[in-house]
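Dear colleague,

I am handing over the structure below, and I would be grateful if you could look through it with the notes that come after it.

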Amino acid sequence: MEGEIRFMNEVFRIITGALRLDTEKVRNYSAFLAKKLEDAGEKGSADRLRKLLEETDHELRPAGVAVARAIPVDSESRFSLLERVNLKIDEPPVVLSEPQRATMNEFLSVAKSHAQLEAEGVTTSLSLILYGPPGCGKSRLARHIARELELDLYVARLDGIISSYLGSTSKNIRALFDFAARNPCVLFLDEFDAIAKLRGDVQELGELKRVVNSFIQNLDTVGRQSVILAATNHEELLDSAVWRRFAYRLELSYPDAPLRDELWRRFLRRVTFGPKALEVLVDLSEGFSGSDIEETCLRLRRLEVTARRAATLHDAFHVLQNLALGEGETRRVLSAAKGKDLGDVAALLRTRNEKLYSHAILAQLFGVSKATAFRLSRHEGAEHA
């Protein structure tokens with residue numbers, strides 16, 4: 001019974017896509033249902049569904065209906081102001097801490113129940129602002145929200161919406177919200193600080209300050225059928241009035257040790273490291289974003305394919321060194337290892353955690369013998385291999 005219910009959920013999603021004339025959703029969820037059927041041992045049904053998709057793929061379009069929605073464009077450049085994102089239903093879930101997950105679940109619950117809440121007179125703006133350093137999952141989380149709410153995701157790159165003719169920028173902003181009012185969707189305002197800057201910035205023109213006011217007014221009047229998400233890497237630039245317009249706020253900062261452990265386990269996939277090596281990677285990646293960890297794992301997997309050998313801790317150390325830009329003690333240690341005497345790096349790591357960075361681990365990290373690692377950690381100036 002549970003399996004049947006699980007399959008019925010996919011069937012309902014396929015029907016929803018068909019009723020909304022969303023051929024992409026019909027295609028994606030049909031393929032996902034075929035995979036679920038195959039995993040459940042129903043290979044015949046899965047093959048039949050895949051064959052049906054293959055045979056009718058060119059016909060998956062509503063007859064006599066214009067599927068494409070009228071995407072707003074800049075009146076001067078004629079460039080599109082929005083981009084529709086194709087959502088992957090098999091994308092790995094977002095890794096969040098417990099407090100972050102609680103905020104996200106609350107927001108999704110409110111968004112799914114807004115009709116009931118409105119009947120009870122306790123409605124709120126379906127708006128969420130995501131803030132924090134680059135690479136910490138803001139765009140991934142926007143895709144997750146759109147999938148959960150079964151809405152199309154449209155991304156607005158606000159640095160492109162700011163016209164060379166400042167008077168046109170307010171019109172562009174109005175066009176975005178008019179679109180969201182006509183078409184239920186998740187409207188994602190990426191690089192949000194490009195437009196919602198402090199109105200008191202003395203270096204900005206008065207017209208741009210009026211643009212910020214225009215944005216605030218439009219955000220206040222958006223309907224309940226669409227969800228407004230905003231993302232910024234520079235929350236300190238945002239006007240306090242803009243913050244007040246977002247009922248929900250979620251900080252996505254650099255992952256802590258438990259989250260880094262989960263990220264490494266998730267993204268390594270076929271790359272195999274033992275428990276001790278994984279513990280080292282978790283420690284070395286302090287101050288790295290989830291995107292950095294994912295990129296490291298991708299590079300290790302590419303290395304295994306091209307070099308035709310298993311990736312080592314030394315390989316991972318090399319990639320982390322290559323990505324080690326920015327703030328943080330660990331990043332400084334990794335940067336110091338670039339082209340410099342490894343004795344200093346060994347000593348720094350041993351000082352950081354002598355138990356974790358044993359001579360055996362240092363040998364693996366540097367690609368040297370244990371004896372050489374011992375001499376390096378004692379500043380005996382031995383040459384490394």
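What follows is an account of the sheet, of one helix pair, of several salt bridges and of one further helix.

Please keep in mind throughout that this is a predicted model.

I begin with the sheet, which is open and has six strands in the order β1-β3-β4-β5-β2-β6, with mixed pairing. Its edge strands are β1 and β6, the latter covering residues 248-251, and each of these two pairs on one side only. Taken on average and with direction ignored, neighbouring strands of the sheet are turned by 25° against each other. At the β6 edge, the partner is strand β2 (residues 127-131), and the two run in the parallel sense, joined over four bridges. Within that pairing, Tyr 131 has Glu 251 in β6 as its bridge partner. Helix α4 packs on this sheet, where it touches β2, β5 (227-232) and β6, and the direction of α4 makes about 150° with that of β6.

The same α4 also packs with α6, at an angle of about 35° and with the two axes 10 Å apart, and the crossing of α4 past α6 is right-handed. On the α4 side, the residues that meet α6 are Met 104, Phe 107, Leu 108, Ala 111 and Lys 112, while α6 contributes Leu 141, His 144, Ile 145, Glu 148 and Leu 149. Sorted by class, this contact holds seven nonpolar residues, one polar residue and two charged ones.

Turning to charged pairs, the count of salt bridges in the model comes to 19, and I describe a few of them here. Arg 147 and Glu 91 meet through their side chains in a salt bridge, with an N to O distance of 2.9 Å. This pair links distant parts of the chain, since Arg 147 lies in helix α6 (residues 138-149) and Glu 91 in the loop between β1 (83-85) and α4 (98-112), the two being 56 residues apart. Both Arg 147 and Glu 91 are buried, and both belong to a network of salt bridges that links Glu 91, Arg 140, Arg 143, Arg 147 and Glu 294.

A salt bridge within α4 joins Glu 98 to Arg 101, with the closest N and O atoms 2.8 Å apart. Glu 98 and Arg 101 are separated by about one helical turn because they stand three residues apart in helix α4. In an α-helix there are 3.6 residues a turn, so residues three or four places apart point the same way. As for accessibility, Glu 98 has a relative value of 58% and therefore counts as exposed, whereas Arg 101, with a relative accessible area of 29%, is partly exposed.

Another salt bridge is formed by Glu 295 and Arg 302, whose closest N and O atoms are 3.5 Å apart. Here Glu 295 is partly exposed, its relative accessible area being 29%, and Arg 302 also counts as partly exposed, at 45% relative accessibility.

Finally, there is helix α12 (residues 275-284), which is mostly covered, seven of its 10 residues being buried. The buried residues of α12 are Ala 277, Leu 278, Val 280, Leu 281, Val 282, Asp 283 and Leu 284, so that the charged residue Asp 283 is listed among them.

With best wishes

Notes:
Residues are numbered from 1 along each chain as its sequence is written. This is a predicted model: local features need pLDDT of at least 70, side-chain atom pairs count only at pLDDT 80 or more; totals for chains, interfaces and linings use all residues. Side-chain values use heavy atoms; hydrogens and water are left out. A salt bridge is a side-chain nitrogen of Lys or Arg within 4 Å of a carboxyl oxygen of Asp or Glu. Buried means under 20% relative accessible area, exposed over 50%, partly exposed in between (1.4 Å probe, protein chains only). Axes are lines fitted to C-alpha atoms, for helices over the stretch in contact, and angles run from 0 to 180 degrees between N-to-C directions. A crossing is left-handed if the near helix is turned anticlockwise from the far one by less than a right angle, and right-handed if clockwise. Contact means heavy atoms within 4.5 Å. Two strands pair if DSSP finds at least two bridges between them.
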